[in-house]
Amino acid sequence: MKTIPLNSAIWRLNIATMLFFTLVQMVVPLIPRYALVIGASPSMIGAAVSSISVTAIALRPFFGVLSDKWIRSSLMILGVVLASISYALLFLSNSISTIMIARLIEGAAVASFIPSSIASAIDSAPKGRVGETLGWRSLMVGIGFTVGPGLGGVLSQFFSYRVTFIIASLLLLTLIPLIQTSKTNGEKSLGGIYVRGVSNRYFLTAFLSLIIYAVAWMGLITFLSAYLKLLGYGDIEIGFFVSLQALSSLMLRITAGKLSDKYPEKTTYLSLLIISSSFFMIYMFITPPYLYLASIVFGVGVGIFIPSCQTLALGRQRGSVGFLTSIYTMGMDLGNLIGPVILGLLVQYSGNYMNAFLIPPILVLTAGILVLLISESIL
């Protein structure tokens with residue numbers, strides 16, 4: 001079986017993607033905690049965390065079209081530069097409004113970087129191995145999610161939040177030489193391809209599943225982080241929680257990618273059931289060390305979900321992959337926008353964080369039922 005040489009452009013992009021997410025995840029879990037330190041209310045914390053999605057949603061389609069017509073790696077470099085600017089601004093921030101501005105810039109960064117990264121993986125996939133190739137790219141992302149939060153937690157614990165922000169900002173710029181410029185094939189008569197791709201029922205199912213998952217996860221992690229801080233747990237505990245789930249997600253990404261080449265609906269459905277079960281476990285075991293068991297189960301579910309859902313959405317597509325990837329990944333932005341705000345309002349008006357932790361498992365279970373109905377051709 002033919003493999004991609006380790007010194008090839010695609011592997012440099014794999015490594016750049018891994019390091020990008022490592023540095024991003026050094027920062028992201030710390031933002032709600034930093035906002036809490038400077039005196040932000042739960043609803044404002046939710047708004048600050050969600051503000052990334054405003055620019056990400058607005059700009060993803062534009063960058064997706066540009067990715068199909070231009071050079072994918074150039075858009076990845078733009079994303080790296082914008083993320084560096086965002087974290088430099090966080091370093092200078094002392095108010096919730098400045099944090100929100102930084103998050104808006106970060107939204108433009110992910111809108112530029114992520115769709116082009118995924119589309120470049122699809123470009124490189126041998127025939128019949130899209131899921132497997134996406135599994136490898138997903139593995140790189142998972143490694144970043146594993147290393148980043150723990151590293152960020154240690155840095156912030158021993159130095160400060162601001163020092164962690166500026167370190168991430170500077171290190172991001174070192175990724176630019178890794179991202180090798182390579183042109184992609186343009187498309188003609190794209191309008192019809194866009195409509196057919198977006199209206200595909202498998203694409204729509206995957207897109208809705210991703211939105212629901214993101215609403216549940218982003219709402220949960222935002223207020224789990226804040227809640228553990230209120231209970232007296234430090235940055236290392238929440239960093240370990242996120243890193244542990246990311247580590248456990250690595251085990252099955254390649255296997256899930258290979259299986260999703262044949263059974264994308266079934267692997268997506270299975271993953272959502274596992275994730276829903278893990279969220280119920282988080283509700284029951286809300287504090288360490290038992291919380292870490294739920295984290296492992298969640299990671300297994302995510303490791304199956306990411307390549308499976310991507311393959312369900314994109315594996316059958318023909319043409320305009322950059323645009324369709326941008327629309328698909330917008331599902332994560334919508335979840336980022338909706339989840340923290342809704343759960344923040346629920347916490348603020350009920351006065352009880354635990355009420356918010358019961359919503360995510362129900363939402364993800366609903367997504368799993370949706371995929372099951374589609375796979376059985378009931379809908």
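**Close-up 1. M284, an exposed residue of a predicted model.** With a relative accessible area of 54%, M284 is exposed, and anything over 50% counts as such. The structure shown here is a predicted model. M284 is found in helix α13, and we meet this helix again in the next view.

**Close-up 2. A nonpolar patch on the surface.** Here M284 joins F280, Y283, F285, Y290, L358 and I362 in a nonpolar surface patch of about 660 Å². Helix α13, covering residues 264–284, gives the most to this patch, with three residues.

**Close-up 3. The largest nonpolar core.** Let us turn from the surface to the interior. The largest nonpolar core has 102 residues, and those with the most contacts inside it are F20, W217, F241 and F279. Helix α10 (residues 201–230) gives the most to this core, with 18 residues. In soluble globular proteins, nonpolar side chains tend to be buried together.

**Close-up 4. The surroundings of F279.** Leaving aside residues up to four places away in sequence, F279 touches A216, W217 and L220, along with F298, F357, P360, P361 and V364. One of these partners, W217, is also listed with F279 among the residues with the most contacts inside the largest core. Apart from that core lies another, of seven residues, including W11, L139, L250 and I254.

**Close-up 5. Q25, a buried residue of helix α1.** Helix α1 spans residues 9–27 and holds Q25. Is Q25 buried or exposed? Q25 is buried, because its relative accessible area is 9%, and the cut-off for buried is under 20%. Not counting residues up to four places away in sequence, Q25 touches G144, F145, G148 and P149.

How values were computed. Residues are numbered from 1 along each chain as its sequence is written. This is a predicted model: local features need pLDDT of at least 70, side-chain atom pairs count only at pLDDT 80 or more; totals for chains, interfaces and linings use all residues. Side-chain values use heavy atoms; hydrogens and water are left out. Patches are made of residues with over 30% relative accessible area and no salt bridge: like charges are joined within 9 Å, nonpolar side chains (Val, Leu, Ile, Met, Phe, Trp, Tyr) within 5 Å. Accessible areas come from the Shrake-Rupley method with a 1.4 Å probe; for residues, only the protein chains shown count as cover. A salt bridge is a side-chain nitrogen of Lys or Arg within 4 Å of a carboxyl oxygen of Asp or Glu. Helices (H or I, at least four residues) and strands (E, at least two) are DSSP runs, numbered from the N terminus. Buried means under 20% relative accessible area, exposed over 50%, partly exposed in between (1.4 Å probe, protein chains only). A nonpolar core is a set of buried Ala, Val, Leu, Ile, Met, Phe, Trp, Tyr and Cys residues joined through side-chain atoms within 4.5 Å. Contact means heavy atoms within 4.5 Å.
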